[in-house]
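Here are my notes on the model you sent over. I have kept them as short numbered points so you can check each one against the coordinates.

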Amino acid sequence: MGKQGENSAQERRDSATIVVFSGELDRALAAFNIATTAASMGMEVTMFFTFWGLNVVRRERGGGGRKTALQRMLGLMNRGGTRRLRLSRLNMMGGGRAAMKRLMRQFRMPSLEEMIAMARDLGVRFIACTTSMALMGLTEDDFIPEVEDFAGAATYVERASNSSINLFI
Amino acid sequence: MEADRTVDCVGLYCPMPIVKTSQEIKELKDGEVLEIVADDPGIRSDMPAWCAKTGHEFLGIEERDGEYHVFVRKKEG
């Protein structure tokens with residue numbers, strides 16, 4: 001059997017795949033909570049960031065790749081970076097988000113930024129969807145260094161088909 | 001129950017006790033016992049689940065003054 005076959009046999013052993021489609025703080029926290037837990041339970045974890053989910057792993061300042069006029073407009077209204085993510089409910093122009101962050105600190109819950117660093121330390125793999133990147137005019141420079149792979153749906157489907165946990169958040 | 005090492009997770013919530021336990025268990029030798037102290041009641045279900053998945057031996061939980069003392073024996077090999 002070739003090298004590829006051996007890899008899939010290994011991945012079938014015990015892995016989790018999470019699609020992060022949403023770009024909201026609460027949903028991203030849930031995704032990273034499960035990712036860090038699964039990694040702590042010995043699973044190989046892959047997070048596939050697509051569409052609005054790309055904002056979770058974008059730098060605050062973009063890499064300045066070429067964009068069309070429409071993409072520039074989209075970029076102005078859809079800016080990336082963890083600090084810009086809203087709550088899916090009760091965001092209240094950022095007031096709800098600030099209250100939620102204060103509560104999380106009070107209860108010593110890790111921030112999303114800390115969760116991202118923890119996930120990387122635990123070996124979670126971050127993949128950004130190249131199709132969504134093209135649509136939004138984003139390049140590899142627009143992403144935080146934790147994102148190590150840039151790939152399409154086939155990569156995700158291959159990983160997911162060998163995973164015992166597969167989530168779409 | 002006697003432990004070889006203790007990890008303090010009082011005041012911490014999911015996923016922190018599990019993440020910390022998975023890191024601390026690496027510091028133990030095979031067969032040694034790790035004590036996890038936590039006050040989030042989720043630990044009562046989560047630690048046996050973590051043991052079932054990772055293969056470490058769940059030894060039991062003692063509840064004292066609103067704190068849970070969980071004992072886990074590191075698996076061989």
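1. A:M93 sits in the loop between α3 and α4 of chain A (helices here are DSSP runs of H or I with at least four residues, strands are runs of E with at least two, and both are numbered from the N terminus). Its phi is positive, about 55°, although A:M93 is not a glycine. A:M93 is also exposed, with 8 other C-beta atoms within 10 Å. For the cut-offs: buried takes 20 or more other C-beta atoms within 10 Å of a residue's own, exposed takes 12 or fewer, and partly exposed is in between, with C-beta atoms placed from the backbone.

2. A word on provenance. This is a predicted model, in which local features need pLDDT of at least 70 and side-chain atom pairs count only at pLDDT 80 or more, while totals for chains, interfaces and linings use all residues. Residues are numbered from 1 along each chain as its sequence is written, with chains lettered from A and ligands numbered from 1 in the order in which they are written.

3. A:M92 is worth a look as well. This residue is in the loop between α3 (69-77) and α4 (95-106) of chain A, and its phi is near 45°, a positive value in a residue other than glycine. A:M92 has 12 C-beta neighbours inside 10 Å, so it counts as exposed.

4. Staying in chain A, A:M77 belongs to helix α3. A:M77 is exposed, with 6 other C-beta atoms within 10 Å. Its C-alpha atom is separated by 29 Å from that of A:A35, and the two residues are 42 apart along the chain.

5. Now the interface. How many residues of chain B are in contact with chain A? The count is 12 from chain B against 11 from chain A, where contact means C-beta atoms, placed from the backbone, within 7 Å. On the chain B side, α1 and α2 (43-54) each supply at least two residues, and α1(B) gives the most, with four. That side divides into eight nonpolar residues, three polar and one charged (nonpolar: Ala, Val, Leu, Ile, Met, Phe, Trp, Tyr, Cys and Pro; charged: Asp, Glu, Lys and Arg; polar: the others, Gly among them).

6. Across that interface, α2 (residues 25-40) of chain A packs with α1 (residues 16-24) of chain B at an angle of about 30°, with the axes 9 Å apart. Axes are lines fitted to C-alpha atoms, for helices over the stretch in contact, and angles run from 0 to 180 degrees between N-to-C directions. That makes α2(A) roughly parallel to α1(B) (under 35 degrees; over 145 is roughly antiparallel, 65 to 115 roughly perpendicular, the rest oblique). The contact involves A:T36, A:T37 and A:S40 from α2(A), and B:I18, B:V19 and B:S22 from α1(B). By class, this helix pair brings two nonpolar, four polar and no charged residues to the contact.

7. Check the peptide bond between B:C14 and B:P15: it is cis, with omega about 10°. B:P15 lies in the loop between β1 (5-9) and α1 of chain B.

8. Last, the hairpin in chain B. Strands β3(B) and β4 (residues 67-73) pair in the antiparallel sense over seven bridges (pairing requires at least two DSSP bridges). B:I61 stands opposite B:V70 in β4(B). Two residues separate the strands, and B:D65 in the turn has a positive phi of about 50°. Is β3(B) buried or in the open? None of the eight residues of β3 (residues 57-64) is buried, so the strand lies largely in the open.

Definitions and conventions: Two residues are in contact if their C-beta atoms, placed from the backbone, lie within 7 Å.
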